[in-house]
Amino acid sequence: MLTDVERALVECVERGEPLDLAGERTVRASVIRQILIGTLAPEPDPHGIDLTGARIEGRLDLMNVRSTVAIRLTACLLAEGIDARYADLGPMRLADCRIESESDFALNGRQLSTPNLVLRGATIVSDGAAACYLREARIDGAVVLAKATVTSRSSLAFDGQSMAVSGTVDLREGKFEASSSRAAISLYGAHIRGSLEGSGAVIRNDLGAALDLELAVVERPALLRWGFIAEGVGRRGAICLQRADLSTLECPGATVRNTAGPAIMAHAAHVRGQVLINKEFVAHGAKGATVDLSRARVDGLLNCEGSKIVGRGGVALDVSNASVSQSVLLRKVVIEGDHEFGAVSLFGATIGEAVECAGAELKNSGGPALYANYFAVAGHVLLMDGFTASGSGARGAVSLVGAKIGGLLSVVSARLWNPSGPALVVALAQLGRTLEIFGPSAECTGSGRGGAVDLTSVRVAGNVRIQHVPIRNRTGCGLSLNQAVVGESVEIDATITGGGDPVALDLERASVAGTLLLKPDRITHKQSPSKRMQVDGLTFAGLPQGVTSAEWLALLSTGTPHYSAQAYQHLAAAEKTAGNDGGVRKALMAQRRDQLAKNALTSTSERAWVKLTGAVLGYGYQPWRALVALFATLLVAVVAAAVLGGLGGLAKVRSVPTAPIEQCAVIDRVAVGLDVGTPLTTSSARARCEPTESAIGTALTIAGWVLKVFAWAFATLFIAGFTGAVRKTT
């Protein structure tokens with residue numbers, strides 16, 4: 001038996017008219033069911049049921065119903081909920097309705113099929129199960145939950161696992177609260193052919209994820225934009241996108257929080273367009289990566305510009321082993337992490353264009369600020385315009401070990417700090433263009449044995465320019481280019497400070513195809529001036545620039561801790577190529593002096609010989625010294641013979657022993673001196689003038705022997721020096 005209100009409803013359905021009960025009348029749920037199955041109103045108008053302000057008595061049981069009648073309930077109260085399992089219904093519009101259930105699903109639409117499901121402004125509440133349960137439902141149009149309030153005190157707010165939606169899923173400005181270990185909103189494995197609209201929505205779950213899109217497919221943009229808030233708990237993330245397939249992901253202005261896991265978990269996700277987590281996007285996570293894009297594939301741009309991402313106990317932004325076909329933009333971001341593998345991790349990632357970090361602020365109390373070891377980027381890496389990186393540990397504040405960079409690496413007006421390790425590590429990296437570190441307000445400060453800036457074994461196809469930047473390390477190397485290979489030139493015009501055992505500037509075994517420009521007066525070592533540089537095995541084209549050859553030799557002698565024959569030989573070869581024979585001799589003589597000073601010669605006899613040849617021959621490169629000594633010996637001999645001979649040391653040869661002693665003429669005494677001081681020559685003076693047996697004559701005889709020995713020695717050394725017989729090249 002129908003009540004008057006129910007009879008009026010049937011008549012309105014038949015005429016296609018709305019019925020507004022102003023919230024004061026009751027309609028039994030069974031009446032609506034009978035209308036839909038054709039028992040009542042067998043010939044309904046296409047407008048279907050259009051009911052406003054009704055109290056629906058009983059649970060609306062539409063299970064297995066097959067009907068094309070449209071359902072339009074506005075501002076109605078369904079105190080015992082709706083059961084639409086396995087139903088195939090016409091369009092459903094339940095705008096501004098209140099749908100409740102104490103122990104069951106407030107709206108159970110498992111495997112429901114309908115052209116549209118509109119729940120705009122609805123309030124859906126369940127105490128004992130999921131509030132809105134649409135598992136495996138098929139919606140040929142849109143699912144609209146805009147401005148809806150969906151709450152479950154013991155389970156999911158919205159369970160749309162494996163549902164198929166041909167249109168949009170609209171969550172805009174909705175409020176969803178749950179207490180479920182799975183999610184507040186689950187779209188696990190769902191297929192959405194339209195977009196996912198979430199701007200302004202608030203989703204909270206105190207036991208699990210806020211929004212679960214794992215394995216979901218969204219063919220048009222996922223728009224979780226301005227005012228969107230997701231708060232969840234656990235390792236699956238506040239927003240779970242693991243292995244999801246999305247058109248684009250856009251989250252500018254969104255806020256995502258997780259007190260015990262990631263904010264966004266997008267591990268192995270595939271995004272066919274851009275990912276925008278920018279423009280005041282805020283994410284807080286703990287015990288894992290805050291934004292996890294590890295092993296994800298992004299076919300467009302990854303834009304984080306202007307975002308703030310904070311991780312406690314983990315990486316803040318994890319793009320490790322991911323593939324991004326365009327650029328990664330980290331402009332003006334604030335990212336804080338606490339993990340040994342970086343606040344931002346690009347480890348093993350492949351990036352199709354560039355990495356831009358202009359104005360970014362990266363911090364990590366437990367490891368690198370930027371960890372990009374072994375990643376590959378086709379374009380530039382730009383750490384510039386106020387970029388700051390504060391890290392800790394041996395991996396460095398910025399670590400690019402083994403990276404492959406197709407363009408340039410530009411560290412311009414950037415500040416890098418690490419109190420317990422290097423500031424910048426680019427060891428073993430390969431660069432297709434220039435590596436540059438310079439700019440006003442730039443700074444690289446590190447600690448430990450490794451370089452504050454460590455470019456060990458880097459391969460740079462272009463130039464290396466390090467200018468106008470203080471590089472400091474009080475306990476280790478300042479700048480290391482050990483075994484670096486540079487295709488063009490190297491320019492080092494920076495203030496470099498080192499300390500401890502390592503040198504301040506390490507250029508050992510570096511290979512520079514172009515020129516080397518260096519400002520040695522700006523290189524200091526806190527403990528020892530002799531540890532300013534290491535250059536053994538360094539090669540470059542031509543003479544060093546920015547320093548004279550004399551200054552370079554002084555640096556090799558007093559500014560390096562170990563003797564390096566190769567460094568001197570390299571300079572000598574460059575001087576020879578430049579046609580500067582004097583420079584060649586100076587370099588090789590400086591080499592021998594340094595060899596002695598740094599005790600590279602351990603044999604006493606060898607050291608003595610080198611000292612002798614150094615004094616007499618200029619180590620074989622100034623044989624004129626021996627010639628001067630020979631002439632000096634000759635002069636001494638002549639003076640001695642002339643003076644001592646005149647004092648009775650020489651006398652004319654007597655024909656008979658009894659003949660009186662006669663003094664030799666001056667010319668004969670000079671001739672005797674020439675005989676004594678000149679090897680291989682004799683004159684007839686000895687036949688006319690001989691030493692006397694007096695004390696002066698005896699002294700003159702002994703002096704002659706000594707001077708003869710010196711003359712022979714100096715003559716021999718001159719010949720040896722002139723022919724190069726005493727020179728060594730090692």
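The following exercises, with worked solutions, concern a predicted model.

**Exercise 1.** Determine which residues stand opposite Arg-204 in the strands that pair with E24.

*Solution.* Begin with strand E20 (residues 175–178), which runs parallel to strand E24 (residues 202–205) and is joined to E24 by 4 bridges. Across this pairing, Glu-177 stands opposite Arg-204. Next, take strand E28 (residues 229–232), which pairs with E24 in the parallel sense over 3 bridges. Here Glu-231 in E28 stands opposite Arg-204.

**Exercise 2.** Classify the ring pair of Phe-105 and Tyr-133 as stacked or edge-to-face.

*Solution.* The structure holds 5 aromatic pairs, including this one. The ring centres of Phe-105 and Tyr-133 are 4.2 Å apart, and the planes meet at 15°. Planes under 30 degrees apart count as stacked, so the pair is stacked. Phe-105 lies in the loop between strands E8 (98–101) and E9 (107–108), while Tyr-133 belongs to strand E13 (residues 132–133), 28 residues apart.

**Exercise 3.** Classify the ring pair of Phe-540 and Trp-552, and state whether Trp-552 is buried or exposed.

*Solution.* The centres are 6.1 Å apart and the planes stand at 85°, so the pair of Phe-540 and Trp-552 is edge-to-face. Phe-540 is in the loop between strand E71 (533–534) and helix H3 (549–558), and Trp-552 is in helix H3. Buried means under 20% relative accessible area. Trp-552 has 3%, so Trp-552 is buried; Phe-540, with 9%, is buried as well.

**Exercise 4.** Describe the chain over residues 627–647.

*Solution.* An unreviewed UniProt entry lists residues 627–647 as a "transmembrane region". In the model, residues 627–647 are 100% helix and 0% strand. The end C-alpha atoms of this stretch are 30 Å apart.

Terms used. Residues numbered from 1 in each chain as written. Predicted model: local features only at pLDDT ≥ 70, side-chain atom pairs only at ≥ 80, totals over all residues. Heavy atoms only, no water. Pairing = 2+ DSSP bridges. Helix = DSSP H or I, 4+ residues; strand = E, 2+ residues; numbered from the N terminus. UniProt positions renumbered as here; feature names shortened; annotations may be inferred. Phe/Tyr/Trp six-rings, centres within 6.5 Å; stacked < 30°, edge-to-face > 60°. Buried < 20%, exposed > 50% of the residue type's maximum accessible area, 1.4 Å probe, protein only.
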